[in-house]
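Me: Please take a close look at one part of this model, the pair of packed helices. Add what you can on the surface and the charged pairing.

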Amino acid sequence: MSKIVIYATTILGLLLYSNSVENKRVPMNQMFHSVTEAYQGLLQSTTGIGKILVKIAIGTTIALLAVFSYQRSQLLLNNSSQERIFLLMVFILTILLIAFYFVFGLPLLIFSKIERLIKTIHKRKLCFSFLVTSYILFVYSYFLWCEKAVMESCGKVVLIGLLVSYILNMNMLIHISMEPVSCCLCRFGQKKKVEQKYPLKVVLAGALILMMLIVLNLFLGVVMISNLFENAYINVAASTPVTSLDLLYYTVISFTTIGYGEIVPQRLESKVMAILIAYTSVMCLVIFVSAILALKDKLSG
């Protein structure tokens with residue numbers, strides 16, 4: 001009887017929650033059209049060598065997804081014919097391409113809206129910077145997962161790439177957070193209520209996406225230091241080796257300034273990384289919160 005009450009309460013709570021949430025469903029075709037326009041705008045905003053580099057980045061990403069699909073297909077159908085492996089590869093690749101199209105396209109759409117909202121950002125090519133940092137993080141994440149030995153052999157080069165990505169991410173976050181008050185829609189007129197919500201939500205979404213990219217950036221740096229230097233991190237709460245999941249936990253806990261202390265940096269390189277995480281978290285949280293509050297005050301008059 002008690003279990004029935006618990007199950008019924010949970011189901012009732014879910015139903016009540018679904019009724020309390022505003023119905024703001026966006027048709028799939030409209031979303032696809034908006035994301036496609038964001039991709040087209042990215043290509044149109046770059047000229048010459050920039051457009052070639054964008055196409056190379058997209059082509060490399062598709063190639064890596066194809067290789068990953070083939071490897072997964074071989075693993076799942078080890079003793080099957082090449083035809084079945086090829087069909088499964090095409091199926092997995094199609095799903096990955098669709099997922100990648102929206103996972104990358106939706107943030108790109110948000111940043112394109114921010115460029116239109118904040119005129120002073122347009123010249124900085126926010127979407128192009130997002131493409132560069134996303135491409136770097138995606139490729140490094142892929143090779144850390146599939147070709148860990150290759151990443152270790154190119155350790156110093158990878159750390160330089162992560163540093164470039166970190167600078168781009170922080171630069172974008174600072175510009176988005178510090179300049180929303182120059183938003184071209186932050187004006188009071190006949191459509192005041194519409195204009196109050198729109199800029200704040202777009203800027204907030206863009207800043208949150210960048211903060212997630214920064215956390216991923218820092219996590220990859222921690223993993224690389226752990227792979228390059230022996231005993232860079234130790235787990236004082238257990239005798240088992242530190243895993244990638246432990247390092248992700250360590251990065252997030254350090255970034256949020258909680259720091260339980262069971263995973264401890266031991267080498268100079270890992271301690272410098274810990275200082276960078278602490279410094280970044282303070283910058284992100286303080287600048288982000290203060291800028292959002294400033295934009296809200298600006299919109300409220």
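Reply: The helix pair comes first, then a surface patch, then a salt bridge.

This is a predicted model, where local features need pLDDT of at least 70, side-chain atom pairs count only at pLDDT 80 or more, and totals for chains, interfaces and linings use all residues. Residues are numbered from 1 along each chain as its sequence is written, and side-chain values use heavy atoms, with hydrogens and water left out.

Helix H4 covers residues 82-117 and helix H5 residues 126-146. Helices here are DSSP runs (H or I, at least four residues), numbered from the N terminus. The axes of H4 and H5 come within 8 Å and cross at roughly 150 degrees. Axes are lines fitted to C-alpha atoms over the stretch in contact, with angles from 0 to 180 degrees between N-to-C directions. H4 and H5 are therefore roughly antiparallel (angles over 145 degrees). Their crossing is right-handed: the near helix is turned clockwise from the far one by less than a right angle.

Ile56 sits in helix H3, residues 49-76. At 48% relative accessibility, Ile56 is partly exposed (between 20% and 50%, 1.4 Å probe, protein chains only). Ile56 joins Ile49, Ile52 and Leu53 in a nonpolar surface patch, about 390 Å² of accessible area together. Such patches take residues with over 30% relative accessible area and no salt bridge, nonpolar side chains being joined within 5 Å. Areas follow the Shrake-Rupley method with a 1.4 Å probe.

Glu269 forms a salt bridge with Arg267, closest N and O atoms 3.3 Å apart. The cut-off is a Lys or Arg side-chain nitrogen within 4 Å of an Asp or Glu carboxyl oxygen. The count is one salt bridge. Glu269 is partly exposed at 28%, and Arg267 is partly exposed at 33%.

Notes. Patches are made of residues with over 30% relative accessible area and no salt bridge: like charges are joined within 9 Å, nonpolar side chains (Val, Leu, Ile, Met, Phe, Trp, Tyr) within 5 Å. Helices (H or I, at least four residues) and strands (E, at least two) are DSSP runs, numbered from the N terminus. Angles under 35 degrees count as roughly parallel, over 145 as roughly antiparallel, 65 to 115 as roughly perpendicular and the rest as oblique.
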